[in-house]
Amino acid sequence: MLKRTPLFALHQQLGARLVEFGGWEMPVQYSSIMDEHQAVRTAAGIFDICHMGEVYVQGKKAGEFLNYLLTNDIKKLGVNDGQYSLMCNDKGGVIDDLYVYRVAAEGFLLIINASRIEPDVAWMQQQLAAWDGAKEVMLSNESDRYGAIAIQGPAVAKFIDSAFQLNGQQGPSALKKNQLGFYKLQGEEFFVGRTGYTGEDGFELVGSADKISTAWVHLLDVGRPYGLKPAGLGARDTLRTEVCYPLYGHELTEEITPIEAGVGFFVSLDKGPFIGRERLALQKSTGISRKCIAFKMADKAAPPRPGYPIWSGGNDSQKIGEVVSGTQSPSLGIGIGLGYVPPDFSKPGSAIEIEVRTRKFPATVVQKPIYRKPD
């Protein structure tokens with residue numbers, strides 16, 4: 001039985017096409033992926049992210065524990081700051097990628113991937129139980145209590161403040177990237193972070209699961225004059241692929257390290273011991289055997305899909321890797337993708353070939369991100 005978010009009935013009313021995603025029945029599109037994608041790039045889109053998990057970590061040694069559990073440096077966070085981080089196993093493989101928000105001096109909120117809630121929480125509890133300061137840390141899975149909405153696009157900052165009862169308080173538009181605040185919407189308090197997964201400016205709201213429908217309807221009403229449209233998983237995937245943001249189960253798995261995935265910037269080797277550090281430090285110093293690349297297809301080639309083989313091209317062409325994410329880019333009008341290849345084939349400008357249904361099509365390795373906003 002597929003799980004449903006608190007917004008499921010609203011998706012049905014909006015005529016969404018619903019699909020299975022990580023054990024949830026979620027909207028893949030409402031109008032079309034192209035239409036929703038362009039709305040986010042040019043105006044605004046609103047996404048249901050209630051399926052994602054929320055975990056509170058609190059207590060005197062909460063920050064110390066999270067610095068042992070995660071790759072990024074928690075000490076960099078002031079109250080009301082957030083950061084992207086990764087949770088690795090002992091071999092440096094990624095158990096999940098997530099966002100950490102410092103919501104109080106000794107309180108942290110982790111936003112984790114929907115398909116990883118159970119394994120993440122089990123891993124955290126296991127690590128905490130074996131950790132010296134466990135008695136001074138409280139860990140609670142609050143995923144069933146909360147719902148969340150992402151609202152993304154260049155027009156969002158123009159109307160987001162008017163959705164909230166500010167009473168003299170500065171609105172969310174005053175937040176800097178990766179900052180958060182607490183605001184009231186129709187009498188209910190929501191946590192709002194200026195983060196997102198599209199490459200556009202945007203905000204993510206987290207609040208009580210039984211009030212999230214009210215927020216969705218209200219935000220749509222406020223934003224509609226500015227071009228706000230509901231957007232599904234299809235547009236979410238094309239948007240994040242264009243800007244090369246990883247998706248768990250594709251670019252990231254328990255067998256792939258952050259260094260191989262190209263997110264080593266979020267690994268703080270100098271902060272002290274943390275789970276997976278030994279392997280990641282070794283990879284930083286001695287190199288890696290595979291690397292996540294971005295590529296563009298030649299103009300008229302079919303779009304790539306996950307699992308398609310990557311070939312070196314040329315007369316002595318050999319299979320060198322596999323596509324992990326691939327799509328037709330609505331912004332660029334060509335096929336684009338991400339895949340793993342040996343470092344020798346990872347330099348931007350390198351010619352490769354993508355095998356599409358037994359035929360090979362030319363492609364070129366490009367610098368990340370694949371899509372850049374025009375000046």
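**A walk from the hairpin to the helices**

Start at Gly-92: in the hairpin of strand 5 and strand 6, which has five residues between the strands, this glycine takes a positive phi near 85°. Keep in mind that you're looking at a predicted model.

Now select the two arms of that hairpin. Strand 5 covers residues 82-88 and runs antiparallel to strand 6, with seven bridges joining the pair. For one place to zoom in, pick Met-87, which stands opposite Asp-96 in strand 6.

Stay on strand 6 and colour residues 94-104 by accessibility. Is this strand mostly covered or mostly open? Mostly covered: 10 of its 11 residues are buried. While you're here, remember that side chains in a regular strand alternate between the two faces of the sheet.

Next, add strand 7, residues 107-112. Strand 7 is antiparallel to strand 6, and five bridges hold the two together on your screen. Click Tyr-99 and look across to its bridge partner in strand 7, Ile-111. This pair of strands is a hairpin too, with two residues between strand 6 and strand 7.

Time to leave the strands. Select helix 3 (residues 62-69) and helix 4 (residues 117-129), whose axes come within 11 Å and cross at roughly 115°. That angle makes helix 3 roughly perpendicular to helix 4. The crossing is right-handed.

Last stop: show side chains where the helices touch. Which residues of helix 3 meet helix 4? They are Phe-65, Tyr-68 and Leu-69, and across from them in helix 4 are Trp-123, Met-124, Gln-127 and Leu-128. Sorted by type, the residues of this contact come out as six nonpolar, one polar and no charged.

Note on methods. Residues are numbered from 1 along each chain as its sequence is written. This is a predicted model: local features need pLDDT of at least 70, side-chain atom pairs count only at pLDDT 80 or more; totals for chains, interfaces and linings use all residues. Side-chain values use heavy atoms; hydrogens and water are left out. Buried means under 20% relative accessible area, exposed over 50%, partly exposed in between (1.4 Å probe, protein chains only). Helices (H or I, at least four residues) and strands (E, at least two) are DSSP runs, numbered from the N terminus. Two strands pair if DSSP finds at least two bridges between them. Axes are lines fitted to C-alpha atoms, for helices over the stretch in contact, and angles run from 0 to 180 degrees between N-to-C directions. Angles under 35 degrees count as roughly parallel, over 145 as roughly antiparallel, 65 to 115 as roughly perpendicular and the rest as oblique. A crossing is left-handed if the near helix is turned anticlockwise from the far one by less than a right angle, and right-handed if clockwise. Contact means heavy atoms within 4.5 Å. Ala, Val, Leu, Ile, Met, Phe, Trp, Tyr, Cys and Pro count as nonpolar, Asp, Glu, Lys and Arg as charged, and the others, Gly among them, as polar.
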